[in-house]
Amino acid sequence: MPVAKTYAEYQAEGNTPEILFWVGCAGSFDTRAQKITRALCDILNHAGVQFAILGNEERCTGDPARRAGNEFLFQMTALMNIETLNMYGVQKIVTACPHCFNTLKNEYPELGGQYEVIHHTQLLQELIQTGRLKLKEGGSFKGKKITYHDSCYLGRANDVYEAPRALLEALDADLSEMKRSRKNGLCCGAGGAQMWKEDEPGNKRINTERIDEALETNPTAVVANCPFCITMLQDGLKAREKNEQVMVYDLSEMVLNNLG
Amino acid sequence: MLQSIFFLAVLVGTGWFAWKGYRRIWQNIHLGTPQALSGDTSQRWKNMFLVALGQQKMFKNWLPAVLHLFIYVAFVLTQIELLEIFVDGLSGSHRFFAPYLGGLYTLAISLIEILSVLALVATIIFLARRNILRVPRFHKPEMKGWPFRDANLILLGEIILITGIYCMNGADKVLQTRGLEHYAPTGAFAVSSWLGPALFGSLSDGALIAVERFGWWLHILTVFGFLCYLPYSKHLHILLAFPNTWYARLSPKGQMENMPEVQKEVRIMMGLDQPDPNTPAELPEFGANDVFSLSWLNLLQAYSCTECGRCTAACPANLTGKKLSPRKVMMDVRDRAEEVGLLLESGQQQRDTFADGKSLFDYISPEEIHACTTCNACVEACPVLINPLDIILKLRRHEILTQAAGPGDCLSMFNAIENNGAAWAMSEEREAWRNQD
């Protein structure tokens with residue numbers, strides 16, 4: 001049995017899932033982000049959450065196109081997604097990508113797509129709070145020094161700062177904050193369609209600037225909540241030749257490794 | 001009598017000159033397109049009280065926040081004394097409020113004096129931060145020349161204002177001990193009661209009157225000068241911070257403004273709506289390339305910017321040596337609004353047919369707007385809720401939708417989304433991951 005069923009498969013069985021997992025382009029195609037996708041599926045299956053994906057019917061939300069300035073393309077892809085979501089009668093969406101999260105939550109309503117949208121860190125926190133998910137005592141991150149990178153689109157863009165930190169606390173990790181965190185967090189450099197283009201001329205890459213700041217906290221791992229941040233942070237570690245010593249994790253991977 | 005006539009003449013002259021300056025700004029702001037306001041009005045008042053009146057966002061960095069607060073509170077309190085200067089100036093009275101307010105008057109002037117000392121200290125530290133310590137955000141390329149002098153001029157103006165107050169009050173305090181009819185005792189002022197005798201104690205009555213009048217005129221003429229100067233300086237934030245924080249967007253920072261006109265086109269294209277036979281076949285221009293296509297709120301924000309550079313200091317692109325500076329974007333929009341405003345005012349151009357062969361892209365280069373990661377750090381950093389990102393995104397929209405330009409790298413992403421429904425062109429199926437390990 002595959003780790004995730006599509007909405008169409010649920011419907012064929014005559015069932016309605018609790019929640020739609022919006023996988024996103026990175027989660028679907030990027031090798032590193034696929035691991036996060038599978039980790040989240042494993043957790044949801046473990047907790048007995050009935051979730052569906054759109055599978056091949058999902059399209060890019062249009063975030064990079066819109067931010068690059070291409071409103072026509074954004075409207076096109078967004079309206080196609082909304083047709084699909086509304087056809088299935090989707091009510092609640094979880095996503096592991098803050099860019100998809102922001103677009104689905106804040107930008108689809110005006111186009112006719114009204115859903116309750118949460119980020120996977122919020123869902124995981126909720127599952128732990130309600131007891132549907134249990135973490136083991138003295139897990140693999142107990143007392144480990146880690147630092148946490150606020151993605152711009154979960155943090156500043158949507159003011160979600162606490163859910164990821166609550167998860168870190170539940171994991172017993174020893175969080176040491178970077179100088180620039182929460183509202184003042186520094187971007188990883190990928191947003192606003194930068195992921196798809198070369199940097200403009202400058203004297204440093206943004207991800208290197210960010211990883212230098214992360215390394216100042218002497219962490220064993222840098223924790224993030226966004227597939228693009230994870231790529232950028234990992235590239236930054238490589239540039240500083242620290243990718244052997246310091247790991248980059250998505251919160252879902254940490255939770256999966258410590259399920260009780 | 002002669003003084004009153006002179007005062008009235010200066011007042012009328014200042015009023016006329018200031019009126020011209022402020023009217024120009026009002027008109028320039030109204031060059032922009034309408035701006036839909038959404039959200040809760042009570043939240044708008046809250047923003048204005050907390051962020052403009054309460055200086056909430058300044059306190060991200062407590063040292064400049066406290067120093068700025070000294071100058072701000074001193075400025076607000078001095079309005080009481082200024083009001084009296086107006087009454088005295090026009091009627092020829094001396095310290096008109098003193099007999100009516102009694103002890104309260106002594107308290108008010110004392111408070112003004114104490115805050116003026118604190119403001120003086122703050123002003124000197126601010127001058128040092130700009131000129132000696134050279135805080136980096138004050139020395140970015142866009143601050144060269146006039147913007148840098150502008151900041152120093154205002155700080156010098158503050159020192160002159162404070163000097164005026166102490167000359168006026170100090171000499172007055174000594175005169176009050178000489179039993180002259182015009183200078184009735186007012187009780188002990190916190191600073192000038194000892195500063196006055198220390199500085200001017202040995203002067204003759206005539207010299208004291210001269211010093212008192214000098215301080216009085218220095219103070220009011222500096223205030224008048226400041227009023228006329230404001231519309232030409234970066235210092236308009238003392239007025240515009242209030243409307244600016246009230247009108248600031250209330251939606252989540254991540255939300256980009258929708259373009260209903262594009263939405264309509266796409267819905268028709270996708271067969272979701274029927275075309276309206278009354279709409280012209282020609283598509284309008286999309287995005288913004290000039291002050292006429294920015295909203296009036298974008299322009300109000302450009303005039304509210306005091307060029308502190310907190311946005312630029314927080315910008316990841318600027319921090320890593322890229323050309324983008326959110327402050328420069330705001331300064332460029334204002335400069336362009338000024339340029340357009342002058343051409344309209346002089347009658348060289350008409351609003352409906354405006355074409356001077358220039359646009360905002362003559363001020364802001366593609367390289368700058370392409371460097372933005374849309375991270376909202378600039379928006380978060382602004383102490384008066386200016387949103388440079390909104391302008392950057394409107395320029396990007398113009399580049400792509402109207403000029404069919406933009407960074408070439410983005411084309412493959414656009415094609416992938418259009419043809420594959422994914423941000424990368426992939427040969428495998430989107431759901432292939434669920435069948436792999």
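**Buried polar residues and aromatic pairs**

Setting aside neighbours within four places in sequence, Gln75(A) touches Arg66(A) and Leu111(A) as well as a group of residues from the other chain, namely Asn258(B), Met259(B), Val262(B), Gln263(B) and Val266(B). The model in which these contacts are found is a predicted one. Gln75(A) itself belongs to helix α5 of chain A, which covers residues 71–88. With a relative accessible area of 0%, Gln75(A) is buried, because the cut-off for that class is under 20%. Its side chain also has a polar partner: a contact of 2.8 Å joins it to the side chain of Glu71(A).

A second buried polar residue can be followed in chain B. His94(B) lies in the loop that runs between α3 (62–91) and α4 (98–101) of that chain. Its relative accessibility is 17%, so His94(B) counts as buried too. The side chain of His94(B) makes a polar contact with the side chain of Asp172(B), at 2.7 Å. Asp172(B) appears again in the wider surroundings of His94(B): beyond neighbours within four places in sequence, the contacts of this histidine are Asp88(B), Asp172(B), His182(B), Tyr183(B), Glu212(B) and Arg213(B).

Attention now turns to the aromatic rings. Over all chains, the count of aromatic pairs comes to 22. One of them is formed by Trp146(B) and Tyr229(B), with ring centres 6.2 Å apart and planes at 80°, so this pair is classed as edge-to-face. The two rings come from distant parts of the chain, 83 residues apart: Trp146(B) is in helix α6 (residues 146–176) of chain B, and Tyr229(B) is in helix α8 (residues 205–229) of chain B. What is the relative accessible area of Trp146(B)? The value is 37%, and Trp146(B) is therefore partly exposed. Tyr229(B), at 21% relative accessibility, likewise counts as partly exposed.

Ring pairs also build up a cluster, and a helpful way to find it in the structure is by its members: Phe6(B), Phe7(B), Phe86(B), Trp216(B), Trp217(B) and Phe224(B).

Finally, aromatic rings also meet charged side chains. In chain A, the charged end of Lys5(A) sits over the ring of Tyr10(A), at 4.4 Å from the ring centre. In chain B, the ring of Trp246(B) has the charged end of Arg44(B) over it, with 5.6 Å to the ring centre.

Definitions and conventions: Residues numbered from 1 in each chain as written. Chains lettered and ligands numbered in written order. Predicted model: local features only at pLDDT ≥ 70, side-chain atom pairs only at ≥ 80, totals over all residues. Heavy atoms only, no water. Helix = DSSP H or I, 4+ residues; strand = E, 2+ residues; numbered from the N terminus. Buried < 20%, exposed > 50% of the residue type's maximum accessible area, 1.4 Å probe, protein only. Polar contact = N/O pair within 3.5 Å; in protein donor to acceptor, adjacent residues only side chain to side chain. Contact = heavy atoms within 4.5 Å. Phe/Tyr/Trp six-rings, centres within 6.5 Å; stacked < 30°, edge-to-face > 60°. Lys NZ or Arg CZ within 6 Å of the ring centre and 35° of its normal.
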